Amino acid sequence: MDTYIDIIKNSYTGYWNYIKQSVLMELNWENYFYGLILISLVVWGLEIIFPWRKNQPLFRKDFWLDTFYMFFNFFLLNLIVLIALSNTAEQLFNDLLGLVGLSVASFQLFDINTFPYWARITVFFIIIDFVQWFTHTLLHRYEFLWNFHKVHHSVKQMGFAAHLRYHWMEPVVYNSMKYIPLAIMGGFTAQDVAIVHFFNITIGHLNHANINWDYGWLKYILNNPRMHIWHHAKELPSERKMGVNFGITLSIWDYIFKTNYIPYNGRDIELGFEGDEKFPKDFIHQELYPIGKK
């Protein structure tokens, strides 16, 4: 038990020191705090210069709520619960494996660090993106998970910051689903993760931005604003009620598994979900949902 208590203590102190180092610019280029700010300002600038919905306000509906969500989910949520929970769960999993004479290394099919640099980044990115695509489909398929995912779909006007409006349970689900693939791949460096993470953040911001882009023929590979807006459509055909366009960074999974759907230009479609007029509008009640659900 003392081991788990130490893990929790070290998780809090370690991550708090990391946040301080990030804000004080004591880290190398893989500084997520200023990286997030820079990416957000660039994509917001593109929204201002090339707006798709020209009548949408610069400070669109829930702009400040979503800005708060960005920093809360990206940094504070980790400090409050996720880092300690993740590290403790990892140790517990390792201890349980040890009881039956196994270890995480038992699941390792290959060591990704033995690959050439370009192959390491590519394999890591593709596997993680597929796992996230699959997890995203589960969030829509099962009512228990959908209740958490409703927070993200409560966005009524798309903008870059809507990318990181999500319930605190979502990263718990995503990280749980990613654990085994990461174990199978073996070790990976912090630099690898940072490169992939910054790229995913950029594409995610662009997907939610008020920009009329689809990248030409690359739209069949990369998720894009014209495609992703249909993922947030309030009205979908009955055969598509479980959702469409689940791609996180890559759109190719939707084309492979026939979950792609772009019937026409979706610039002015209504966003949300059935019954969203009764959904909580403030941060606290959204984070507590579905507790108190009527």
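A helix, in the sense used on this tour, is a DSSP run of type H or I with at least four residues, and helices are numbered from the N terminus. The model on screen is a predicted one, and the walk through it begins at a residue of helix H2.

**Stop one: helix H2**

Select Ile-48 to begin, which lies in helix H2 and counts as partly exposed, at 46% relative accessibility. If you then add Ile-211 to the selection, you will have two residues that are 163 places apart in sequence, although their C-alpha atoms are 9.1 Å apart in space.

Now widen the selection to the whole of H2, residues 32-49, whose 18 residues reach 25 Å from the first C-alpha to the last, close to the 26 Å expected at 1.5 Å a residue. Which residues of H2 are buried? They are Tyr-32, Phe-33, Gly-35, Leu-36, Ile-39, Ser-40, Val-43, Trp-44 and Glu-47, and because they cover an arc of only 165° around the axis, they sit on the same side of H2. Turn the helix around, and on the other side you will find Leu-38, Leu-41 and Ile-49, which are exposed.

Before leaving, go to the start of H2 and show the side chain of Asn-31, one oxygen of which reaches to within 3.1 Å of the backbone nitrogen of Phe-33.

**Stop two: aromatic rings**

Tyr-32 and Phe-33 also belong to a cluster linked by ring pairs, whose other members are Tyr-34, Phe-71, Phe-74, Phe-75 and Phe-198. A search of the whole structure finds 32 aromatic pairs, and two of them are worth selecting one after the other. A pair of aromatic rings is described by the distance of the centres and the angle of the planes.

Select Phe-130 and Trp-133, whose rings form a stacked pair, with 5.9 Å from centre to centre and 20° between the planes. Both residues belong to helix H4 (residues 117-141), and because they are three residues apart there, about one helical turn separates them. Phe-130 counts as partly exposed at 30% relative accessibility, whereas Trp-133 is buried, with a relative accessible area of 6%.

Next, select Phe-144 and Phe-148, where the ring centres are 5.1 Å apart and the planes stand at 80°, so this pair is edge-to-face. The two residues both lie in helix H5, four residues apart, which is about one turn of the helix. Is each of them buried or exposed? Phe-144 is exposed, with a relative accessible area of 56%, while Phe-148 is buried, with a relative accessible area of 9%.

**Stop three: salt bridges**

Side chains of opposite charge can pair when their charged atoms come close. The structure holds ten salt bridges, and three of them are visited here.

Begin with Arg-165 and Asp-66, which form a salt bridge whose closest N and O atoms are 2.5 Å apart. This pair links distant parts of the chain, since Arg-165 is in the loop between helix H5 (143-153) and helix H6 (169-185), while Asp-66 is in helix H3 (residues 63-99), 99 residues apart. Both partners are buried, Arg-165 at 1% relative accessibility and Asp-66 with a relative accessible area of 0%.

Move on to Glu-270 and Lys-234, where the closest N and O atoms of the salt bridge are 3.5 Å apart. Here too distant parts of the chain are linked, with Glu-270 in the loop between helix H9 (252-256) and helix H10 (283-288), and Lys-234 in the loop between helix H8 (225-231) and H9, 36 residues apart. Glu-270 is partly exposed, with a relative accessible area of 46%, whereas Lys-234 counts as buried at 18% relative accessibility.

Then select Asp-268 and Arg-267, whose side chains meet in a salt bridge of 2.8 Å, N to O. Asp-268 is exposed, with a relative accessible area of 54%, and Arg-267 counts as partly exposed at 37%. To see how salt bridges that share partners form one network, select Lys-156, Lys-234, Glu-270, Asp-276 and Glu-277, which are joined in this way.

**Last stop: Asn-200**

Finish by selecting Asn-200, whose place is in helix H7 (residues 190-208). With a relative accessible area of 15%, Asn-200 is buried. Which residues does Asn-200 touch, not counting those up to four places away in sequence? Show Phe-125, His-163 and Thr-249 around Asn-200, as these are the residues in contact.

Key
Residues are numbered from 1 along each chain as its sequence is written. This is a predicted model: local features need pLDDT of at least 70, side-chain atom pairs count only at pLDDT 80 or more; totals for chains, interfaces and linings use all residues. Side-chain values use heavy atoms; hydrogens and water are left out. A salt bridge is a side-chain nitrogen of Lys or Arg within 4 Å of a carboxyl oxygen of Asp or Glu. Buried means under 20% relative accessible area, exposed over 50%, partly exposed in between (1.4 Å probe, protein chains only). The expected span of a helix is 1.5 Å times one less than its number of residues. The arc is that of the directions from the helix axis to the C-beta atoms. A polar contact is a pair of N or O atoms within 3.5 Å; within protein, one must be able to donate a hydrogen and the other to accept it, and residues adjacent in sequence count only if both atoms are side-chain atoms. Contact means heavy atoms within 4.5 Å. Rings of Phe, Tyr and Trp (its six-membered ring) pair if their centres lie within 6.5 Å; planes under 30 degrees apart count as stacked, over 60 as edge-to-face and the rest as tilted.
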